[in-house]
Amino acid sequence: MIPADVTSIIENSIIESNRLEFKKDWNPEKVLHTICAFANNIDNLGGGYIIIGVGEIDGKPIDFVGIDPDSVPRIEKELFRLCNTITPPYIPEISVETYHDVTLLVIWAHGGESRPYKCPVRIGTKKNDNIEKAFYIRKMSNTVRATREDEVRLFNRCSTPPFDDMVNETASITDIKDWLVRSYLQRVNSDIDFDRTSTLDLYRSLRIVRGPSESLRPVNVGLMMFSEKPERFFPNAHIEVAYIPDATGSGIEEGTFDGPLDFQIRDSLSFIKRYIVEKVVKVPDQAEAIRVFNFPFQAVEETVVNAVYHKDYRIPQPIKVYIRPESLTVFSCPGPDPSITDEMLSEYDLMCEYNLNGRLGDFLKEQKLTEGRNTGIPKVLRSLESNGSEPPIYETDADRRFLRVTIPVHRLFLDRNEPSVMDVPRTGTRKNRNPENTKDAILESLRISGCQSGRELAASVGYSSVNNTFRRCIRELMEDGEIEYLYPDTPTDRRQRICLSRHRVAQKNI
């Protein structure tokens, strides 16, 4: 089983191009080398996918020829034999998928637990114990044989496994909550039939537990995403937001957001939206007014998500967001990789070949919360530029212990006497909203954020509480088959969430 939707993988909406390899037909030697390279996962990107039955040019799919379904058992048998030649032993996940009415074979080669791996340079027709083997790695979108320098780097990386992929010996498998896993799988439209799959098989397919059956333990990323209180295992793993209207400190409004990391991102951003304001400036002799925001939301969103993605969860420091009249600041630990110089920082070049939380990035990418392609900062810069704002300020210390990102307020918001200006709140309002508008808002919120509790959903569409109007809209949407309960047999379950119905999710993906 593969954890992601095959359409999203092929259309490259959640998987970076350097983690995808298309093969028009079965080429055992090249496939073996690429499996070995993905398993070595030298840059901690989470391995990759090989899709057989797709022609490509420069890594872009152009021809969906498919494979003969009758050939699948033979290919699977040969693939198993080939993978037994990898040292140490490594077996990827295999899935037969249908896309554009053709049959494809998808091989998911995740980062291996016993890295580094080597495999035969050539595939012979006869068994030969002295066959030459070599290490293979990914360089950009290519599978290459590792040089001596590459091998040194590979061994260094393998000596310190990523923290998010380590087994947590202090936690129990019961600390991972089944309802959070199933809710996540629905949000990402996973091909896994989670209604018919046992809980342990779900956990294993997502690689969030490891160990023998009698002593399974959660992996850290499983606790970050699917435990109700990650702070039990990662102290201060939460987001603090403070709105500070003036230097005296009076009128401060604060929010602390904990729980699964993707929940933290969505909830903190919803809180921050309250303080994003639009200005409409009427320009003389011009029909169209100028519209700007104090802080463009996309820039804020990318900055907060990057802080969560790149945080070191061994450091007991929360992510902090300060909203002031003149700026919005996001503080996180640690700072940029030591390989990034002060000059690179001043030029907004924070690209690093090694991801601190590659597994976490996968889970965030599949929910479209991040892309993980070093596009976050360029998006921030574009968003600020299009809004007419000044560029951000990135600061750290000599030891790279922290990163402080400051987004300056748009200059029009500094002049309170600006004529012909109207401040418009960014957040939605329920004034003059009829039930049909509310229903549309509910469906849009579920489409963007996935399953939510009744209280969360009411807040997301502008209600301060679950009132009678909101309840009526929920009831009518359920009667129309638009939405459903995550646990339909037990509506009062404390874990209950409201979700888009299966048929609506299917329509969305067509």
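**Note on the predicted model**

1. Start with one pair. Tyr243 stands opposite Glu253 of strand β13. Tyr243 closes strand β12, which spans residues 239-243. β12 and β13 are antiparallel partners, joined over five bridges. Keep in mind that this is a predicted model.

2. The sheet around that pair is open and has six strands. Its order reads β13-β12-β16-β17-β19-β18, and the pairing is mixed. β13 (253-257) and β18 (393-395) are the edge strands, each pairing on one side only. Neighbouring strands are turned against each other by 10° on average, with direction ignored. Helix α8 (residues 261-273) packs on this sheet. The helix touches β12, β13, β16 (319-324) and β17 (327-332). Its direction makes about 170° with that of β13.

3. Ile265 is a residue to inspect in α8. Is Ile265 buried or exposed? Its relative accessibility is 0%, so Ile265 counts as buried. Leaving out residues up to four places away in sequence, Ile265 touches Ile239, Val305, Val308, Leu364 and Leu369. Ala307 is 42 residues from Ile265 in sequence, and their C-alpha atoms are 9.9 Å apart.

4. Next, the nonpolar cores. The largest has 76 residues. Within this core, Ile208, Phe226, Ile272, Tyr313 and Val321 touch the most other members. Helix α9 (residues 297-310) supplies the largest share, eight residues. Apart from this core lies another, of 26 residues, including Ile52, Ile67, Leu105 and Ala134. As background, nonpolar side chains in soluble globular proteins tend to be buried together.

5. Tyr313 deserves a closer look. Which residues does Tyr313 contact, leaving aside its neighbours within four places in sequence? They are Phe163, Met224, Phe234, Ala237, Leu261, Val308, Asn357 and Leu360. Tyr313 also helps line the second largest cavity. The other lining residues are Ala237, His238, Ile239, Leu261, Gln264, Val308, Lys311 and Ile319. This cavity has a volume of about 30 Å³. The structure holds two cavities of 30 Å³ or more.

6. Why is helix α11 (residues 358-366) described as largely enclosed by the rest of the structure? Because nine of its nine residues are buried. The buried set includes charged-type names worth checking by eye: Arg359, Asp362, Lys365 and Glu366. The buried residues of α11 pack against α5 (178-187), α7 (220-226), α8 and α9.

7. Lys368 follows α11. Its phi is positive, about 60°, although Lys368 is not a glycine. The residue sits in the loop between α11 and α12 (376-386). Lys368 has a relative accessible area of 55%, so it is exposed.

8. Asn41 is another non-glycine residue with positive phi, about 45°. Its loop runs between α2 (28-40) and β2 (48-52). Asn41 has 10% relative accessibility and therefore counts as buried.

9. A hairpin is formed by β5 and β6, with two residues between them. In the turn, His100 has a positive phi of about 55°. Strand β5 covers residues 93-99 and strand β6 covers residues 102-109. The two pair in the antiparallel sense over seven bridges. Leu104 in β6 is the bridge partner of Glu97.

10. Check the cis peptide bonds. One joins Arg115 and Pro116, with omega about 0°. Pro116 is in the loop between β6 and β7 (118-120). Another runs from Cys333 to Pro334, with omega near 0°. Pro334 is in the loop between β17 and α10 (342-346).

11. Glu11 lies in the loop between α1 (6-10) and β1 (20-23). At 51% relative accessibility, Glu11 is counted as exposed, the cut-off being over 50%. Lys60 is 49 residues away along the chain, yet the C-alpha atoms of the two are separated by 9.1 Å.

12. Last, the chain totals. The chain has 16 helices and 22 strands. Of its 510 residues, 51% are buried. Among contacts between residues at least 6 apart in sequence, 66% join residues at least 24 apart.

How values were computed
Residues numbered from 1 in each chain as written. Predicted model: local features only at pLDDT ≥ 70, side-chain atom pairs only at ≥ 80, totals over all residues. Heavy atoms only, no water. Pairing = 2+ DSSP bridges. Helix = DSSP H or I, 4+ residues; strand = E, 2+ residues; numbered from the N terminus. Axes fitted to C-alpha atoms, helices over the stretch in contact; angles between N-to-C directions. Contact = heavy atoms within 4.5 Å. Core = buried A, V, L, I, M, F, W, Y, C linked by side-chain atoms within 4.5 Å. Buried < 20%, exposed > 50% of the residue type's maximum accessible area, 1.4 Å probe, protein only. 1 Å grid on protein atoms, 1.4 Å probe; cavity = no way out; pocket = protein on both sides within 12 Å on 5 of 7 lines; lining within 4 Å. Points joined across faces, edges and corners; volume = space filled by probe spheres on them.
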